[in-house]
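Biologist: Could you take me on a close look at one part of this protein, the helix packing, and set it in the context of the whole chain? I'd be glad of one connected walk-through.

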Amino acid sequence: MNILITNDDGYNALGIKSLVKILKPYGKITVVAPKYHQSGTSMAVSMGLKPIAVKKISQDENETWYYVDGTPASCVKYAIDEVFTEAMPDVVVSGINHGANSSSAALYSGTLGAAKEAALADIPAIGISVDDMSKVPDFSAVEKHFPSIFEDILKNIDKQKYGVYYNINFPKRSDIKGIRTGHQGVMRWLKEFDPFDKGIYERLGTSYKDMGISALPEVEEGEEVFVMFGHIWDDPRNTPGADHHITRDGYISITAHNIDTTDYAEVERLNALGFNKNF
């Protein structure tokens with residue numbers, strides 16, 4: 001099996017190294033990951049004639065590493081165009097993300113943006129995240145439980161269905177109760193712009209360089225500086241099947257997404273209301 005691995009935390013992140021260790025027994029590994037941290041880039045690509053640096057970091061018979069100075073989706077595009085020139089990878093796995101990508105976070109996630117890019121190319125795709133944003137997250141639960149999940153997903157993929165990708169979130173706990181399939185939950189961030197202070201990175205157990213920031217801003221006269229952080233508001237319409245409630249309750253959540261975001265029921269409702277007209 002030819003496995004393409006990427007992420008949005010950068011090629012030096014601990015999560016991607018753990019993922020490589022998990023998946024090595026399953027086949028030949030190719031890592032094509034961002035040079036720098038790329039959280040929140042969703043499915044953005046590095047366009048606008050932006051020069052994109054690429055480096056092959058290492059290679060042996062069963063494991064090859066590249067970095068791409070671009071977004072996670074750009075990494076998948078590069079891999080498909082320039083690395084897998086003879087045949088597509090059998091599966092793309094993105095992660096392990098430092099922090100959950102459940103609920104509304106799935107819309108912004110660079111981890112899932114890479115999975116979407118793979119699904120666009122009709123390649124089976126999985127994004128993996130753990131609800132732990134510490135500098136040294138505990139990936140032991142992923143290492144224990146993901147192999148069987150990976151095997152079951154690949155064994156049961158509906159090859160006739162286009163555009164599916166799988167979003168797997170692990171709770172931050174050692175006593176995981178089990179696995180639940182669910183749906184994307186609903187939540188929002190309120191008051192997202194917090195005044196910036198240089199101590200925020202140390203308080204979060206990280207550094208600005210680890211977050212993909214090359215230098216702290218030089219503030220011009222009249223400017224205010226903020227960071228997007230936010231405070232979570234959990235929508236009361238959520239059900240127990242919402243993915244972030246599943247992980248909150250101590251289970252691994254598996255959500256099947258699709259790159260086709262059409263609301264077919266709403267299309268039918270509009271048709272019934274007479275929106276289809278001839279002029």
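Modeller: Happy to. Among contacts in the chain between residues at least 6 apart in sequence, 81% join residues at least 24 apart. Please keep in mind that this is a predicted model. The chain holds eight helices and 13 strands, and 44% of its 279 residues count as buried. Along the principal axes, the C-alpha atoms fill a box of roughly 55 × 55 × 50 Å. The radius of gyration is 20 Å, which agrees with the value near 19 Å for a compact globule of 279 residues.

Let's go to helix 4, which covers residues 110-120. This helix is mostly covered, with 10 of its 11 residues buried. The buried residues are Gly110, Thr111, Leu112, Gly113, Ala114, Ala115, Lys116, Glu117, Ala118 and Ala119; note that Lys116 and Glu117 are on that list. What lies over them? The cover includes helix 2 and helix 3 (105-108), together with strand 1 (2-6), strand 5 (91-98), strand 6 and strand 7 (164-170).

Of these neighbours, helix 2 (residues 72-83) deserves its own look. Its axis is 7 Å from that of helix 4, and the two pack at an angle of about 30 degrees. Angles under 35 degrees count as roughly parallel, so helix 2 and helix 4 are roughly parallel to each other. Their crossing is right-handed. On the helix 2 side the contact is made by Pro72, Ala73, Val76 and Lys77, which meet Gly110, Gly113, Ala114, Glu117 and Ala118 of helix 4. Sorted by class, this contact has five nonpolar, two polar and two charged residues.

A second helix pair makes a useful companion. Helix 1 (residues 14-23) and helix 5 (residues 140-155) have axes that come within 10 Å and cross at roughly 50 degrees. These two helices are therefore oblique to each other. Here too, the handedness can be stated: helix 1 passes helix 5 in a right-handed crossing. Ser18, Leu19, Lys21, Ile22 and Leu23 are the helix 1 residues involved, and they meet Val142, Glu143, Phe146, Pro147 and Phe150 in helix 5. By class, the residues of this contact divide into seven nonpolar, one polar and two charged.

Two loop residues round off the picture. Between helix 1 and strand 2 (28-34) there is a loop that contains Lys24. Lys24 is partly exposed, with a relative accessible area of 43%. Not counting residues up to four places away in sequence, Lys24 touches Ile29 and Glu63. Asp8 is 16 residues from Lys24 along the chain, and the C-alpha atoms of the two are separated by 20 Å.

The other loop residue is Asp132, found between strand 6 (125-130) and helix 5. Asp132 has a relative accessible area of 5% and is buried. Leaving aside neighbours within four places in sequence, Asp132 is in contact with His98, Gly99, Pro137, Asp138 and Lys172. Strand 6 thus serves as a handy landmark when you browse the model: it is listed in the cover of helix 4, and the loop with Asp132 lies between strand 6 and helix 5.

Conventions: Residues are numbered from 1 along each chain as its sequence is written. This is a predicted model: local features need pLDDT of at least 70, side-chain atom pairs count only at pLDDT 80 or more; totals for chains, interfaces and linings use all residues. Side-chain values use heavy atoms; hydrogens and water are left out. Axes are lines fitted to C-alpha atoms, for helices over the stretch in contact, and angles run from 0 to 180 degrees between N-to-C directions. Helices (H or I, at least four residues) and strands (E, at least two) are DSSP runs, numbered from the N terminus. Angles under 35 degrees count as roughly parallel, over 145 as roughly antiparallel, 65 to 115 as roughly perpendicular and the rest as oblique. A crossing is left-handed if the near helix is turned anticlockwise from the far one by less than a right angle, and right-handed if clockwise. Contact means heavy atoms within 4.5 Å. Ala, Val, Leu, Ile, Met, Phe, Trp, Tyr, Cys and Pro count as nonpolar, Asp, Glu, Lys and Arg as charged, and the others, Gly among them, as polar. The radius of gyration is taken over C-alpha atoms; the globule rule is 2.2 Å times the number of residues to the power 0.38. Buried means under 20% relative accessible area, exposed over 50%, partly exposed in between (1.4 Å probe, protein chains only).
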